[in-house]
Amino acid sequence: MNALVAALVAAAVTVTVLMTATALVARRVGRLAVVDVVWGAGFVLVAVVAAVVASVVDAGGGGTVAQRWLVVLLVAVWGGRLAWHIRSRAHGLLGPGETPPEDPRYAALMEGKPFSYAVTRVFVTQGVAMFVVALPVVVGVAVAVPASSWHRWPIVVGLVVFAVGLAFEAVGDAQLAAYKEVPKAERPPVLATGLWAWTRHPNYFGDATVWWGLWLVGGLGSGWVAGLATLVAPVAMTYSLAFATGARLLEREMMQRPGYPEYAARTSMFVPRPPRRAA
């Protein structure tokens, strides 16, 4: 068994075990939203397991070793920050001894339905998505990288793209958290400053950009064949964040808030750009 096959199998097993355990915990605590914390941390676990398995199978990886652990480091930085942020956001709203409420998205999804419905609609779906999106990570830790300048430029560009995405995500989250700390009576109805003046969803844009960076480093950085084979990962992540479960879904709720339609009229939904001037 070569390193790539072993890493893919290890990733699939890891995702299966992780989502099974998450479903059991969610049922015990009565909250499907625990899967959101697991989302970021799960990619870190997949990256580490795949890298360890690939290292064991291909002990003489040579030039692959540096890229392998670079990919793991990048995923750990992104996934660790995201998991910590989501957990802190939920617990920051609670008093002593309080239990976080269910996320409204999951509450609406599960209204009048048994837990078995959540198994397929949430945990299986998230597991498949995690495996697909993680493909450039798994390839990046397992495929031998030729020592040529062609294979270095995607890695260099990818690191820059990753850094830009992480900055958008982290700064956008921090600005939103600071906005929410101000009492409602003292803050504007809509956050429209900082990165939020350039895009209505800087955190989602940053998340998508991070995965284009990881695809460049792990996917295209492993060769053009690997790049084409794993292109589905950043495309799927970007589509999900912009048009499926991310920004577009949130927009339906936000458009009901005072001032938001006016904000939306002058501010890009996803890709940052200077705000339009008022007519």
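**Helix packing and nonpolar cores**

The crossing of helix 1 and helix 2 is right-handed, the near helix being turned clockwise from the far one by less than a right angle. The structure is a predicted model, in which local features need pLDDT of at least 70 and side-chain atom pairs count only at pLDDT 80 or more, while totals for chains, interfaces and linings use all residues. Residues are numbered from 1 along each chain, and side-chain values use heavy atoms, without hydrogens and water.

Helices are DSSP runs (H or I, at least four residues) numbered from the N terminus. The axes of helix 1 (residues 3-29) and helix 2, lines fitted to C-alpha atoms over the stretch in contact, come within 8 Å and cross at roughly 150 degrees. The two helices are therefore roughly antiparallel (angle over 145 degrees, on a scale from 0 to 180). Among the residues meeting across this pair (contact: heavy atoms within 4.5 Å) are A3, A7 and L18 in helix 1 and V34, L45 and V57 in helix 2.

The largest nonpolar core (buried Ala, Val, Leu, Ile, Met, Phe, Trp, Tyr and Cys residues joined through side-chain atoms within 4.5 Å) has 58 residues, and F43, W78, F123 and W211 have the most contacts inside it. Helix 2 (residues 34-57) contributes the largest share of this core, eleven residues. A second, separate core of eight residues includes Y179, L191, M254 and A264.

In helix 11 (residues 247-254), the buried residues (under 20% relative accessible area, 1.4 Å probe, protein chains only) are A247, E251 and M254. These cover an arc of only 65 degrees around the axis, judged by the directions to the C-beta atoms, and so lie on the same side of helix 11. Their cover includes helix 8 (202-219), helix 10 (232-244) and helix 12 (260-266).

How values were computed
Buried means under 20% relative accessible area, exposed over 50%, partly exposed in between (1.4 Å probe, protein chains only). Angles under 35 degrees count as roughly parallel, over 145 as roughly antiparallel, 65 to 115 as roughly perpendicular and the rest as oblique.
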